[in-house]
Protein chains: 2
Amino acid sequence: MPRTPSGGQPTIVSIAERAEVSIASVSRVLNGLGARRDTVERVERAAAELGYVPNAVARSLKDGRTRQLTFAMPDIGNPVYVAMVRAIQSVTKAAGYRLLLHSTDAVVDDELAVLHSLGDRTSDGLIICPIRITDEHVEALRTAAGPVVVIGSLPDDVPVDSVRADSVAGAALAVRHLHETGRRRIAFVNGPPDTVPGRNRDEGFRTGMAECGLVYDDSLVVHTDFGIDSGAEAAERLLTDDASRPDAVFCANDQLALGVARALHSRGLRIPEDVAVAGMDDSLLAQAGWPPLTSVDLGSTERGRHAAELLLERLRTSDGTRPSAPRTTTAPPRLVVRASTAPTAVNS
Amino acid sequence: MPRTPSGGQPTIVSIAERAEVSIASVSRVLNGLGARRDTVERVERAAAELGYVPNAVARSLKDGRTRQLTFAMPDIGNPVYVAMVRAIQSVTKAAGYRLLLHSTDAVVDDELAVLHSLGDRTSDGLIICPIRITDEHVEALRTAAGPVVVIGSLPDDVPVDSVRADSVAGAALAVRHLHETGRRRIAFVNGPPDTVPGRNRDEGFRTGMAECGLVYDDSLVVHTDFGIDSGAEAAERLLTDDASRPDAVFCANDQLALGVARALHSRGLRIPEDVAVAGMDDSLLAQAGWPPLTSVDLGSTERGRHAAELLLERLRTSDGTRPSAPRTTTAPPRLVVRASTAPTAVNS
DNA sequence: CCAGCTGCCGGAAACGTTTACAGAAACCGG
DNA sequence: CCGGTTTCTGTAAACGTTTCCGGCAGCTGG
């Protein structure tokens with residue numbers, strides 16, 4: 001039966017009538033506050049018979065919290081963010097919050113809209129993972145109408161909690177590893193240079209090369225989008241000239257690395273014998289292809305968990321007291337070595 | 001500045017005071033209803049100065065709708081559901097709804113909880129993609145407190161809109177294709193047999209084999225979980241005996257197929273020369289590995305879009321009128337042929 | 001039997017909107 | 001200048017909760 005046709009959902013008032021008590025008593029019973037034996041029974045019976053479910057909207061209006069949190073990420077299809085979602089979800093769920101997911105598709109205006117929408121009280125707090133930080137972002141973060149945690153790197157003077165990855169160190173780690181396994185012509189397939197991740201990876205790559213005494217060679221560096229097909233195209237560009245062919249390719253994420261691997265395979269080049277490949281993020285994708293990819297784990301899960309914990313703590317302690325100083329934590333990168341960078345007999 | 005410290009967010013009342021008009025006028029101006037020139041200006045100025053953002057909770061309480069929809073899926077990491085999310089998102093966003101994503105992790109109790117939580121009026125409607133349908137599901141669907149669309153196969157007598165894939169036909173399609181490319185010993189790696197997708201794929205596999213005049217051989221069928229590692233393990237089991245080695249493996253999804261491919265590679269078997277591999281879902285993963293996977297597209301995007309459209313239509317026409325008959329649409333499967341099932345010189 | 005206490009209860013206000021209604025102001029034609 | 005129409009405005013109710021507060025009933029101790 002499609003629920004009491006005329007009159008809509010049962011409310012606290014319907015229950016009060018049926019149980020012949022006041023709505024105040026109904027509310028108290030339903031919230032487990034004190035009441036006489038008899039009252040409790042009557043109310044509970046009426047509630048059960050009517051199939052009552054409390055109206056969360058009304059409750060939110062009353063006590064000013066929705067028990068909903070928002071996570072805004074650039075791309076729901078990217079395993080990195082999926083890992084974050086999982087981590088965030090498990091923390092917030094345990095604390096009794098629902099999670100509202102928002103995919104911004106890396107559109108700046110969309111990110112700003114999310115930030116401003118905090119004011120509409122649809123959720124109690126926000127975790128946002130912006131792909132780039134504009135002045136408008138900074139301004140929006142300063143004036144945010146509720147607690148925000150940023151996953152990513154912020155200018156120091158923005159008073160907002162943040163959780164960052166150390167992709168500079170991570171990229172350097174990968175380069176050093178490739179160098180140690182005997183590679184000398186190391187190519188780099190990076191994402192867009194005007195994003196925070198893109199810039200950091202570039203810096204890390206340069207650092208790593210310098211540390212190993214290798215020179216940064218423009219012709220071995222390609223900037224493109226993050227995506228499998230982009231990786232394949234980038235590899236085609238790097239492989240045009242057989243003489244100057246790299247003996248290793250470091251990629252700014254696993255999807256690019258898979259694309260590179262595909263291009264190598266289709267040219268009959270072997271991984272890792274002819275060319276080593278390393279990716280970044282250590283997402284599920286790293287183990288999807290063949291050979292399994294060496295990848296740098298930037299701690300997506302850890303960052304997600306941390307962000308959620310920071311946000312929850314803000315929520316707990318926001319009793320009108322002056323906001324305490326913003327905190328920043330950094331997840332250390334970790335190199336996960338797999339077959340795609342095994343040293344070859346010749347090189348090792 | 002962290003927003004007017006004492007007094008919280010500005011409301012319609014703050015604006016009314018500042019503009020020296022009544023709250024009714026404020027509301028009217030803000031909603032673009034008629035007002036005198038002078039009033040409009042004063043209200044708009046006050047609103048801008050205070051940085052007013054309407055409280056969505058209060059608005060929802062008033063007019064009984066939240067402009068939020070929920071999509072509950074089994075696994076946020078599965079590209080199939082990601083595709084659905086994208087499709088749903090684009091439809092609902094255009095219609096002015098936010099999308100609340102819920103990952104049930106294929107836990108039945110969680111699915112039921114979502115269904116019941118429709119009653120709390122947190123969202124105006126629900127799209128749910130259950131991994132199995134129990135009697136409790138059916139009961140919960142019957143008594144749902146708001147419009148629901150199911151992505152998946154339902155018993156006929158459940159009065160709920162649904163969108164289904166034809167995985168039976170899809171699986172048969174793949175088997176016929178493998179047969180046409182010359183394969184005769186076709187193995188099958190399926191997911192859990194007690195789920196709806198698992199049962200349907202099994203049925204389709206049997207149908208396809210029968211149509212091709214091949215016998216269903218228990219020793220060539222493995223049931224396991226949906227997942228890359230599961231696929232690899234399943235392949236190990238199928239490959240123990242060299243003499244009875246299959247010349248093709250059909251997998252119930254792309255992740256299983258990638259696992260199978262990994263196991264084949266690590267044993268030095270070539271795809272497709274020694275063993276052909278086909279997957280299902282045609283997710284991004286199909287193009288992640290090497291060689292690119294032949295896969296059956298079950299129309300995730302199309303199903304997502306359809307589900308969203310059905311839901312929106314229900315919302316539009318739910319003006320107290322008697323509910324109209326439930327509708328069901330089926331997305332036809334489509335075979336996407338790639339290198340992993342190319343006919344070999346010998347066979348073709 | 002009464003004063004005082006405790007335990008429950010119901011009335012009513014509040015959260016921030018939208019909107020029905022009625023009254024005030026402005027305008028128009030005569 | 002007035003009756004009538006139109007436009008605009010303010011008051012108040014409503015949405016479904018939670019919670020403060022005053023009061024009533026039932027005890028207990030004198």
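Two residues count as being in contact here if their C-beta atoms, placed from the backbone, lie within 7 Å. With that in hand, let's walk through this predicted model, starting where the two protein chains meet. The contact draws 39 residues from chain A and 39 residues from chain B. On chain A's side, α4, α5 (79-94), β2 (98-103) and α11 (254-266) each put in at least two residues. The largest share comes from α4(A), with five residues. Sort the chain A side by class and you get 22 nonpolar, 13 polar and four charged residues.

How do the two copies relate to each other? Chain A lands on chain B after a rotation of 180 degrees with 0.0 Å of shift along the axis, and the RMSD is 0.1 Å. That is the relation of a two-fold axis. Both copies use the same surface, too: 97% of the contact residues of chain A turn up again in chain B. If you want to find the axis on screen, head for A:G289, the residue of chain A that comes closest to it, with its C-alpha at 2.1 Å.

Now for the DNA. Strand C is surrounded by 27 residues, and the closest are A:S22, A:A24, A:A35, A:T39 and B:I12. Both protein chains take part in this surface: α2 (23-30) and α4 (56-63) of chain A, along with α2 (23-30) and α4 (56-63) of chain B, each supply at least two residues. By class, the surface near strand C splits into 12 nonpolar, nine polar and six charged residues.

What about DNA strand D? It has 27 residues around it, with A:I12, A:A24, B:A24, B:A35 and B:T39 the closest. The elements giving two or more residues to this surface are α2 and α4 of chain A together with α2 and α4 of chain B. The class count near strand D reads 12 nonpolar, nine polar and six charged. So keep an eye on α4(A) as you rotate the view: α4(A) gives residues to the surface near strand C and to the one near strand D, and it also supplies five residues to the side that touches chain B.

Stepping back to a whole chain, chain A has 12 helices and 12 strands. Its C-alpha atoms fill a box of roughly 90 × 45 × 30 Å along the principal axes. The radius of gyration is 27 Å, where a compact globule of 348 residues would come in near 20 Å. Even so, 51% of the 348 residues in chain A are buried. Among the chain A contacts with a separation of 6 or more, 71% join residues 24 or more positions apart.

For a look inside, try strand β9 (residues 276-280) of chain A. Five of its five residues are buried, so β9(A) is largely enclosed by the rest of the structure. A:A276, A:A278 and A:M280 point one way, while A:V277 and A:G279 point the other, and all are buried. Strand β8 (residues 248-251) of chain A pairs with β9(A) in the parallel sense over three bridges. In one of them, A:A248 has A:A276 as its bridge partner.

Finally, hop over to chain B and helix α10 (residues 228-239), where B:R237 sits. Is B:R237 buried or partly exposed? It counts as partly exposed, because it has 14 C-beta neighbours inside 10 Å. Its C-alpha lies 8.3 Å from that of B:V222, which is 15 residues away along the chain.

Methods: Residues numbered from 1 in each chain as written. Chains lettered and ligands numbered in written order. Predicted model: local features only at pLDDT ≥ 70, side-chain atom pairs only at ≥ 80, totals over all residues. Least-squares fit on C-alpha atoms with pLDDT ≥ 70 in both. Near = placed C-beta within 6 Å. Helix = DSSP H or I, 4+ residues; strand = E, 2+ residues; numbered from the N terminus. Nonpolar A, V, L, I, M, F, W, Y, C, P; charged D, E, K, R; others polar. Rg over C-alpha atoms; globule rule 2.2 N^0.38 Å. Buried ≥ 20, exposed ≤ 12 C-beta atoms within 10 Å, placed from the backbone. Pairing = 2+ DSSP bridges.
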